[in-house]
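Welcome! Here is a short guided tour for anyone meeting this structure for the first time. Have a look at the sequence and the model, and then read on.

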Amino acid sequence: METDDVSLREQLFHDRVREILICVQLFVCLYILSYLILTHFKKNAEFVTDDIEDATVNKIALWLCTFTLSVAVCAVLLLPISILSNEVLLTFPHSYYMQWLNGSLIHGLWNLVFLFSNLSLVFLMPFAYFFTESEGFTGSKKGVMARVYETAVMLLLLTLLVLGIVWVASALLHDNTARESLYDLWEYYLPYLYSCISLFGVLLLLLCTPFGMSRMFSVTGSLLVKPRLLENVEETMNCALFEEASLSRKLNSNTSCWLSLNMEAMKRQFVSVQAKRMALETRKKASPWQRNLGYPLVMLLLLALTVVCVLMVCFHVLELLIDESAMPRGMEDPHLGLASFSMFGSLGAAVQVVLILYLMVSSVVGFYSSPLFSSLLPRTQDTTLTQIIGNCVSLLVLSSALPVFSRTLGITRFDLLGDFGRYNWLGNFHIVFLYNMLFAGLTSACLINTVTWAVQRELIRAFGLHRLPFTVTRSAIPFRLLLASGLSKIQ
């Protein structure tokens, strides 16, 4: 009997060590990837300066940003890893090589991501920002430690301010509970703060994702070669070359009759013609398959993913009305390998993974396309450290809310693990139902607006109406008149 207890303890010890090693290896890989991404966008002048102190501070802040970005990427992969792990265990239930993949590993990964995401949002990112802006207290000895002391004081004041705001908010909403738990910081106020941050992230996803889905068509289209109806590429290319040569001769001439204002306008026109010529060269070099088949297939794929998302959300709305189990809730012990989380089996699980990643990409595109956050868009080798900190915080807020967002919309039936399922608002039927209705309505409106305007824009360009001396807007030409003029031109 004692031997069996020793063997059981040894097995538990080895399982725990194995889980720690797997989590460390995963995080190291994500950290290296995040560091490569940040070094691609960072402004090198801030890290190669004559002031060694500033360079050291910037490097420490960059390491903290790298840690935060790696946590954000891991939060994005939480649901895909969990869903795929369940399908792998269903496919190979008795495989010796899959014994390391179990519910304890997945549960531990969820808990670590929750811990590190809140640690980054509450402590690391504010510390990085105040650390880069600090100079040390007046009269103190200059150095890195002086900046650390000032940053620590600023963090303490910020913590007191945030906790005071949380206490006031909880007192207004739950008067009795707030008074009884005035000193209950760990059990009440921190979970309440995490719930508020999660609700903010989910609301931000609600606004950014439908807009991002509509922007995905134009962003993806700008990376591909578009097919043009009734367009002669050779003729358009020759016209662009002649126009560029004419503008080049005018710019190189030494005629003094040109005013500086006209010269600036000609330079801008010359740059525009050059860009147009380079785009035409790309279209000319592209193969017929890439030019005529690649763009329509990608657009159809994006349209199919968006339509499937809307249909799944609409189906989830009906489930909420008739089935209480459709509500998002937490799960303490993930029983992996017992049943698939999709009624369509492995194929449905793969579709869920693709949709979750598509939602994340769309939310990021919508976030950076919005006028409020467009200034945060990173630029290659020209992104300041303050912008990097803002980007890391924004991406962490979006990614840490992605599991709750996906489960609330019914994209997957995988219940939330650990502290992700303990948010106060998840059990409110009215909030969840209204959230699903708003997402379906906003996404449908954005999709209809994007598709109809894209069709009209392509028809306007195809039939030469964009060359008219006046601006052709959406309201200037009715859609039926546009189709009629196009058909008559074809005949």
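How do the residues of the lining of the second largest pocket divide into nonpolar, polar and charged? There are 17 nonpolar residues, 4 polar ones and no charged ones in that lining. Please keep in mind along the way that this is a predicted model.

**The second largest pocket**

Let us stay with this pocket for a moment. Its volume is about 610 Å³. In total, 21 residues line the second largest pocket, and those closest to its centre are I37, L69, V364, Y368 and L395. Four helices each give two or more residues to the lining: α1 (2-41), α2 (52-76), α11 (345-369) and α12 (385-409). Helix α11 supplies the largest share, with 7 residues.

**Salt bridges**

Next come the charged pairs. A search of the whole structure turns up 3 salt bridges, and the table sets them side by side.

| Pair | Closest N to O distance |
|---|---|
| R16 and E19 | 3.7 Å |
| R413 and E319 | 3.3 Å |
| R379 and D382 | 3.5 Å |

What separates R16 and E19 within helix α1? The two are 3 residues apart in that helix, so about one helical turn lies between them. Their surroundings can be compared through relative accessibility: R16 is exposed at 53%, whereas E19 is buried at 8%.

The salt bridge of R413 with E319 spans a longer stretch of sequence. R413 sits in the loop between α12 and β2 (416-417), while E319 belongs to helix α10 (residues 288-322), so this pair ties together parts that are 94 residues apart in sequence. R413 is partly exposed, with a relative accessible area of 31%, and E319 is buried at 15%.

For the pair R379 and D382, whose side chains meet in a salt bridge, are the partners buried, exposed or partly exposed? R379 is partly exposed because its relative accessibility is 40%, and D382 is partly exposed as well, at 33%.

**Two residues of helix α4**

Now let us visit helix α4 (residues 103-133), where N118 is found. With a relative accessibility of 8%, N118 is buried. Setting aside residues up to four places away in sequence, N118 touches F123 and Y194.

S120 is in helix α4 too. Why does S120 count as buried? Its relative accessibility is 0%, and buried means under 20%, so S120 falls within that class. Apart from neighbours within four places in sequence, S120 has contacts with F67, T68, M125, P126 and L396. Two of these partners can be placed using the helix ranges already given: F67 falls within α2 (52-76) and L396 within α12 (385-409).

**A residue in helix α7**

The last stop is L223, which is placed in helix α7 (residues 185-223). Is L223 buried or exposed? L223 is exposed, since its relative accessible area is 71% and the exposed class begins over 50%. How far apart are L223 and Y295 in sequence and in space? Along the chain 72 residues separate them, and in space their C-alpha atoms are 9.5 Å apart.

How values were computed: Residues numbered from 1 in each chain as written. Predicted model: local features only at pLDDT ≥ 70, side-chain atom pairs only at ≥ 80, totals over all residues. Heavy atoms only, no water. 1 Å grid on protein atoms, 1.4 Å probe; cavity = no way out; pocket = protein on both sides within 12 Å on 5 of 7 lines; lining within 4 Å. Points joined across faces, edges and corners; volume = space filled by probe spheres on them. Nonpolar A, V, L, I, M, F, W, Y, C, P; charged D, E, K, R; others polar. Buried < 20%, exposed > 50% of the residue type's maximum accessible area, 1.4 Å probe, protein only. Salt bridge = Lys/Arg side-chain N within 4 Å of Asp/Glu carboxyl O. Contact = heavy atoms within 4.5 Å.
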